[in-house]
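Biologist: I am new to this structure, so please take me through one of its helices with some care.

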Amino acid sequence: MTATQATEAVVEAADENAVFSVRNLWKVFGPKADRIPGSEHALLPPAELREATGCTAAVRDVSFDVRKGEVFVVMGLSGSGKSTLVRCLTRLIEPTSGTLAIDGEDVLAMDRSRLRELRRHRAAMVFQHFGLLPHRTVLDNVAYGLEIQGLSKAERRAKAAELVEKVGLAGLEDRRPSQLSGGQQQRV
C-alpha cells in the first residue's frame, strides 16, 4: 500500500463527523515492538507478554471517535496507559501501529512542521502536574501558549486576563504558582 492509499484509508475509516478518529491504535515499548500488534503475542496478558517478548503494550488496539462538541473522557487505573494514549494523539509519543485522523487528516503522515501547527492550534495536553512555569506569574503562565503562537505581548496578556477572570482567578494575576492552592494551580 502506498502512502497515499494509506492516508485515503485513514480518512475513509474515520467517522465523517469526528474531530478525532482513532482505529486499532497500539503503543508497544521494547525490542521489536512493531512485531507485537497482529501477532499471537498480542493476546497475551501483560506479564506473559513481557516474559515472552521483553515488550510492554501500553496501548492495546484502541479505537474511538470524538465528535465536535462532545466531552470525551479517558479514565483508568494508574499505569493503564491513559497518558501514553493521549501523547500518541499528537505524536508526542509515536504509536507502534494503527491509524489516527484529526478532522480527516492523517496525523501519522504529518511532517514536523505540520505536527507543530497541530500542537499549537488544534490539540494540546494539560499535564497531570499542571506544567506551570514557577518563575512566571499566573497571567504569564496562561499567556504562554499564545506567546508560542507568536501573538504580541499586549494581545496575549489581554486574552490571558479574560481567561483568568473566566476561571475565577481575577486578582491573582501577579502571583507565582507556589503562592496558589492546588485547585488554583489546576485552573491556571
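Biologist: Which helix is included in what covers the buried residues of H6?

Modeller: A word on the basis: this is a predicted model, in which local features need pLDDT of at least 70, side-chain atom pairs count only at pLDDT 80 or more, and totals for chains, interfaces and linings use all residues. Residues are numbered from 1 along each chain as its sequence is written, and side-chain values use heavy atoms, with hydrogens and water left out. Helices here are DSSP runs of H or I with at least four residues, strands are runs of E with at least two, and both are numbered from the N terminus. The cover over the buried residues of H6, judged by contact (heavy atoms within 4.5 Å), includes residues 138-148, that is, helix H5.

Biologist: Which residues of H6 are buried, and where do they lie around the helix?

Modeller: Buried means under 20% relative accessible area, exposed over 50%, and partly exposed in between, with a 1.4 Å probe and protein chains only. By that rule the buried residues of H6 are Arg156, Ala160 and Val164. Seen down the axis of H6, with directions taken from the axis to the C-beta atoms, these buried residues fall within an arc of 75 degrees, so they line one face of the helix.

Biologist: Which exposed residues does the face turned away from the buried side of H6 carry?

Modeller: H6 covers residues 153-166, and its buried side includes Ala160. The face turned away from that side carries the exposed residues Ala154, Glu162, Glu165 and Lys166.

Biologist: Which residue just after H6 takes a positive phi?

Modeller: H6 ends at residue 166. Just after H6, a positive phi of about 80 degrees is taken by Gly168.

Notes: The expected span of a helix is 1.5 Å times one less than its number of residues.
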